[in-house]
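Work through the exercises below with the structure open. Each task is followed by its solution.

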Amino acid sequence: MKKTSIIFSVFLFWAISGFGQKASGYLGKRFSVSTGVGVFPFLTSDYSTANNYYIIPGISKRVYLNAEYAIGEYTGVGLDFSYHKNILMMFPKFDPFNTPGYDCLPYDVKCKNINPVVRFYNKSMSPAPLGNYISLGINYSMLDLSSAMLTLSSYPEFQNVD
Amino acid sequence: MNKSLLILLCLTLLKLGYSQTVDFNNYVPIKSRGDLPKEFSTSSLEKFQDAKKKISKDKSKIEKEALRDYELESSYAIDDILHSGKVIFNDTISNYVNAVMHKLMEQREKRKNVRVYVLRSSVVNAFATGKGLIFVTMGLIARMHSEAELAFVLSHEYIHYLKKHSINDYIESKKAKYNKGDYRNTSIDDKYLRRANFSKEQESESDELGFDLFTKTNYDISAATSALNTIWYYYLPYDSVTFKPSFFEKGSFKLPEGFFKNEYDKVDPKAFEKITSGTSTSSKKDDDEDAGEDESDKYSTHPSTDSRIEKLDALIKDFGNSGSRSLYLVSEATFKYIKKLCRYEIPRINLLDGDYEYAMYHAMVLLNDNPNSLYAKKIIAKSLYSMAKYGNTGHFNDAHIKSKYAQGHFQQLVFMMGKLKSQGISAMAMNYCWDLRSQNPDDEELNSICRSMMRSIVFSYEDRKKHVFYKSLADTIGPKIKRKTIDDSETEKTDGDEEATVKTTKSKKAKTVANNDNDNEEEDSNDEGTSKVKVKEYFKRSFIYWFEKDTAFANLYNEKMKDLKKKKAKVAKEKSKNSDDLKVNKSDIHCVKDGKVILIDPFYSYYEQRSYYDQGKYDAIKSEQYKSNFTDALNYVARKTFSEYEVLDQDQLKIDEAEKLSEITLLRDCLFENLNKRGVGLVSTDLSLVKQVAEKYHSSNIILTGMTIEKTKLNTLGTQCVGCYTLVFYPLFVTMSMSKTYEYSIFTVLYNTDLDDFRVSYNKQIRGKDTQASLTSNLYQILSRVKTY
């Protein structure tokens, strides 16, 4: 912990004072926040058994919040937070209870990502935070499968098994 | 009605001519006055669209295309001239020339709307555009002998316009390019020949019909041939003046024997034509010479001047010159006055163009008429100084013309400069400039020049291992300097202090100790350590007069020596700092900080690559259309960056802002002069005028900025080949081959009038399209740097 805090302090000091550029950021504003919503279609085929092969279409929703501080003309440190949620467009027709190894479905999978990054912007383009960049960071994901666990209530076809 | 109009025009002209009290001793360049003419305020795109509507649909396809292209190119080309700042209007010269044009137009029943503009150029030329604009250069007016000569030139140009020669010539060039009409199945040689003949026919037609028009006036028709004669001598200065070497011998400087050519080539335009066309006059026989002349004349767009003169002579004989004709119909006094104005303008233009020997000679002509003209003396000082600076930076040939291209007395001057070279001219310039400065100690320009000249000498010759300078100057500076001025012991003593403390005893010794040639050789063969001593001796020798007479000179020398020491100390530091792409001349005193800045004439150029293998072609229409995006972004960013700023944009001028146009031109000329001669580091030609404008706007910091954008194509063939090889990615490569990329660059320089130098220059290249976000972001980055440095 002590080691981590030292590394973090050094990083913070470097981030704040290391790049004494005069005109960082967009029109001189170093701190920028961006947010957005994304909806992406996807196909999943992860429910194949020996006898059945399924391709199931789905939609992934994404909400993100991004805060960035330009520490140099072409360098920025940021913290990205995103929230994903997957929704299947149809229900599989196989019997998941009798399929070994599958006790949940990709239905209503929720995921939270926290991603501290350092972005290096392309010097032949605009100064940070515009243009292309290469980012280095750590991605910490929190997958929430609690609502994806196979229950009778979430799978109406098997409600009247008994 | 027309007569009364003409009388009114003439009266106005006379009033204008003499209401101006021009001080020729301290001459100031002419400025445009009054309202901006319509041509200046209408955009090029509007002009093009109006002209395009008038293209007849009955023409053939190639003619219609050629006419459209002609209108497009000419609209923008003419506007380039009009907006270059070289065109003056509503001034005495323009009004007079238009009055002469009006005299010619009186003879025509159907009058065309013709406007004549005077071009601030030293070139001897006049030309007409297809839109009824005739341009006459100051170089031509300065050489004219009478108003009638000017009238003939105008009548010749009027015929070019009336007969639509420029349009026809353009269509002809298109036909030749695309092998249409008479150019089908012809060789390249034949094409050139036909084009040249076509152009010559037009010239002959203009001469003949122009002469017809000219004869209908009461002008003396013999002026037609004298006008052509005037044009024939275009390569010479506008007048001839004899001069002696003593003219340049100021202070201790004496021109050695053999450096002044008493014999010179006689003035002969034919000989000049042969030299410029590469035909040697001496090695060929007469027959060969004639053949060479024909050969060089074959592909020319104009008939040879002597043949034109012959034809006109024949026409004059046929017509018969009656006695009632006059050389002047508008005003003789005004003609002489405007000719004088042009003659005073030309040396300044020569200086700006870097034609220093011409500038010097023209100034000598002016001094011949007006020996007290400080303006002319300063032109000579500036020319000598500029040539010395060019020489000291290793670019002497850029400032010097070869003596074979000069004739008459002008050749004597050119020869002398060529002989003196950089070292000799440095000594001559320093002595001349200091002599003039001692007569005008408060003149800011002369002080700047002397400081710069001294710095150049100290910095250029102090550290050299081989002091050729010293050796040549021992001869160059004359009898007084040929004597040993300072004995070795005393030299070492003063050099120990590294200052030039010239005592009165030195002058006594200078008169007594003779220094023969053997001594010189011995000294020159000494090692590096002692050669430093000799260079210091040189300074005392070549400028001994000023060291003895003027303590300010010694002080300036000592100051520059200290600067040199400081520079040496800073060299290592500067090298480490120069890793950035910004070139900075730091000075806290002149820092922009919270001060006001002037943003002059922002430019925007759009280039588009039609195919991968072509170069980007300038698109004038898009450049004009998209420029507003750039100027809007610039205004927005400037508002955020600077506490106070002013944009002087030529395209945004109101109709009553003619004075502002002159100011923009002056500032822009100064900046471009500094940009062009940047490696040499000259004091600006119009420094005092520029400072006046800067004071008017309360700012010494001037920013010139603009951008160019290029739309390029990817290599279609290459990408598709790679795509075929990797079939899976073929759609991706097809998309790539169809896509276009953008790259734009923003150019910015900050010029400080107090320093007379650029403080910051920046040229940033950015990949991608110039979106508003990208543009403002990059502009802010650049202007912030400009502000903080």
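**Exercise 1.** State the handedness of the crossing between helix 14 and helix 15 of chain B, then classify their relative direction and list the residues that meet.

Solution. The model is a predicted one.

Step 1. Helix 14 and helix 15 of chain B cross in a left-handed sense.

Step 2. Helix 14 of chain B spans residues 332-353 and helix 15 of chain B spans residues 356-369; their axes come within 8 Å and cross at roughly 155 degrees. Angles over 145 degrees count as roughly antiparallel, so helix 14 of chain B is roughly antiparallel to helix 15 of chain B.

Step 3. Helix 14 of chain B contributes B:Arg343, B:Tyr344, B:Ile346, B:Pro347, B:Asn350 and B:Leu351. From helix 15 of chain B come B:Tyr356, B:Tyr358, B:Ala359, B:His362, B:Ala363 and B:Leu366. By class, this contact has nine nonpolar, two polar and one charged residues.

**Exercise 2.** Give the strand order of the open sheet in chain B and explain why strand 1 and strand 3 stand at its edges.

Solution.

Step 1. The sheet has four strands in the order 1-2-4-3, with mixed pairing.

Step 2. Strand 1 (87-88) and strand 3 (126-128) of chain B each have a single partner strand, so one side of each lacks a neighbour in the sheet.

Step 3. Strand 3 of chain B runs antiparallel to strand 4 (residues 133-137) of chain B, and three bridges join them. Across this pair, B:Ala128 is opposite B:Ile134.

Step 4. Helix 7 (residues 147-162) of chain B packs on the sheet and touches strand 2 (115-119), strand 3 and strand 4 of chain B. The direction of helix 7 makes about 25 degrees with that of strand 3 of chain B.

Definitions and conventions
Residues are numbered from 1 along each chain as its sequence is written. Chains are lettered from A and ligands numbered from 1 in the order in which they are written. This is a predicted model: local features need pLDDT of at least 70, side-chain atom pairs count only at pLDDT 80 or more; totals for chains, interfaces and linings use all residues. Two strands pair if DSSP finds at least two bridges between them. Helices (H or I, at least four residues) and strands (E, at least two) are DSSP runs, numbered from the N terminus. Two residues are in contact if their C-beta atoms, placed from the backbone, lie within 7 Å. Axes are lines fitted to C-alpha atoms, for helices over the stretch in contact, and angles run from 0 to 180 degrees between N-to-C directions. Angles under 35 degrees count as roughly parallel, over 145 as roughly antiparallel, 65 to 115 as roughly perpendicular and the rest as oblique. A crossing is left-handed if the near helix is turned anticlockwise from the far one by less than a right angle, and right-handed if clockwise. Ala, Val, Leu, Ile, Met, Phe, Trp, Tyr, Cys and Pro count as nonpolar, Asp, Glu, Lys and Arg as charged, and the others, Gly among them, as polar.
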